[in-house]
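User: I'd love a close look at one part of this model, in plain words please.
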Amino acid sequence: MRLGVLDIGSNTVHLLVVDAHQGARPLPAFSHKVELQLVKLIGGDGAITDEGAERLEAFVAESVVIAEDKGVEEFIGFATSAIREAANGEQVLRDIQTRTGLELVVLDGESEARLTFLAVRRWFGWSSGRLLVLDIGGGSLEMASGFDETPEVARSVPFGAARLTMDRLPGDPPDEDSVRALRKYVRGGIAKVVGDLVRYGRPDRVVATSKTFRQLARVAGAAPSAEGFYVPRRLSRADLLEWVPKLARMTAAERAELPGVSPGRAHQLLAGAIVADAALDLFETAHVDICPWALREGVILRRLDGLADGWL
């Protein structure tokens with residue numbers, strides 16, 4: 001089956017075309033993405049602006065045409081935090097469906113965490129034992145833990161790197177008081193759910209997904225993406241203790257010069273590092289392994305498994 005998956009995230013909108021068969025790993029055939037940064041296109045009233053809605057609709061319409069050109073047999077579209085929390089998010093998606101014919105599903109935070117957990121379990125396998133999975137998105141942080149392919153516990157908190165940067169890190173670079181206040185805020189929020197995630201036992205392996213974790217690992221010396229999926233990559237608490245203060249002193253332009261950091265995400269790397277540092281510290285783990293599979297792959301695997309009506 002040639003499957004098209006459209007992921008509308010808080011930072012990036014991404015069309016991925018894969019050749020997917022039950023029991024086999026999905027093989028990417030085509031990728032098209034834009035750093036739309038929807039989280040920045042939400043007005044003071046909490047609604048996606050007209051500009052944001054128009055830009056999103058244009059990308060979806062383009063993706064529908066590309067999918068047809070690439071021979072996609074089935075098209076799945078989903079949206080995450082930015083749409084989920086926008087005052088007019090559902091209306092924007094209804095308008096897009098009317099004009100493009102594509103129905104887009106809004107995932108809640110715990111569904112994101114569960115689907116990401118599934119992808120990580122398939123990537124690392126049963127030999128990893130109990131997993132704890134961390135995923136820093138643009139609008140939220142997802143966490144899940146368990147032994148099986150469905151986690152025992154899944155939680156989502158509003159600690160996305162883009163959201164925290166906009167709301168709590170003014171200035172370029174931000175002042176020390178803002179950085180300290182954000183650190184306190186994030187740690188207080190994560191501490192409230194740590195007990196839930198470790199209630200059934202400490203993890204045998206802690207895994208991180210998402211562009212934020214991948215960029216932090218690359219900055220700390222992990223192999224570049226050009227070396228492929230199968231090169232082990234790791235981010236340690238020691239790396240974060242070294243890099244958080246460095247990132248706090250840098251401007252966004254200076255961060256963009258670091259290896260693996262894209263200009264579109266450089267401004268939010270500090271907030272992501274503060275969240276990552278808090279999570280590793282509060283979960284008492286010395287390091288996380290970086291998984292190249294995440295939410296999109298979880299959606300694909302779920303669809304192929306046929307675990308529910310439709311795919312969710």
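Which strands and helix do the buried residues of α11 pack against?

Analyst: Quick background: this is a predicted model, where local features need pLDDT of at least 70 and side-chain atom pairs count only at pLDDT 80 or more, while totals for chains, interfaces and linings use all residues. Residues are numbered from 1 along each chain as its sequence is written, and side-chain values use heavy atoms, leaving out hydrogens and water.

Now for your helix. The buried residues of α11 pack against β1 (2-8), β2 (13-19), β4 (74-79) and α4 (109-124); contact here means heavy atoms within 4.5 Å. These elements are DSSP runs, numbered from the N terminus (helices: H or I, at least four residues; strands: E, at least two). α11 itself covers residues 295-305, and 8 of its 11 residues are buried, so it's mostly covered (buried is under 20% relative accessible area, exposed over 50%, partly exposed in between, with a 1.4 Å probe and protein chains only). Who's tucked away? Leu295, Gly298, Val299, Ile300, Leu301 and Leu304 are among them, and so are Glu297 and Arg303, which carry charged side chains. Right after the helix, Gly306 takes a positive phi of about 60 degrees.

For another covered spot, try Leu141 in strand β7 (residues 141-146). Leu141 counts as buried because its relative accessibility is 1%. Leaving aside residues up to four places away in sequence, Leu141 touches Ile190 and Val275, among others. Ile190 belongs to α6 and Val275 to α10, and both take part in the contact between those helices.
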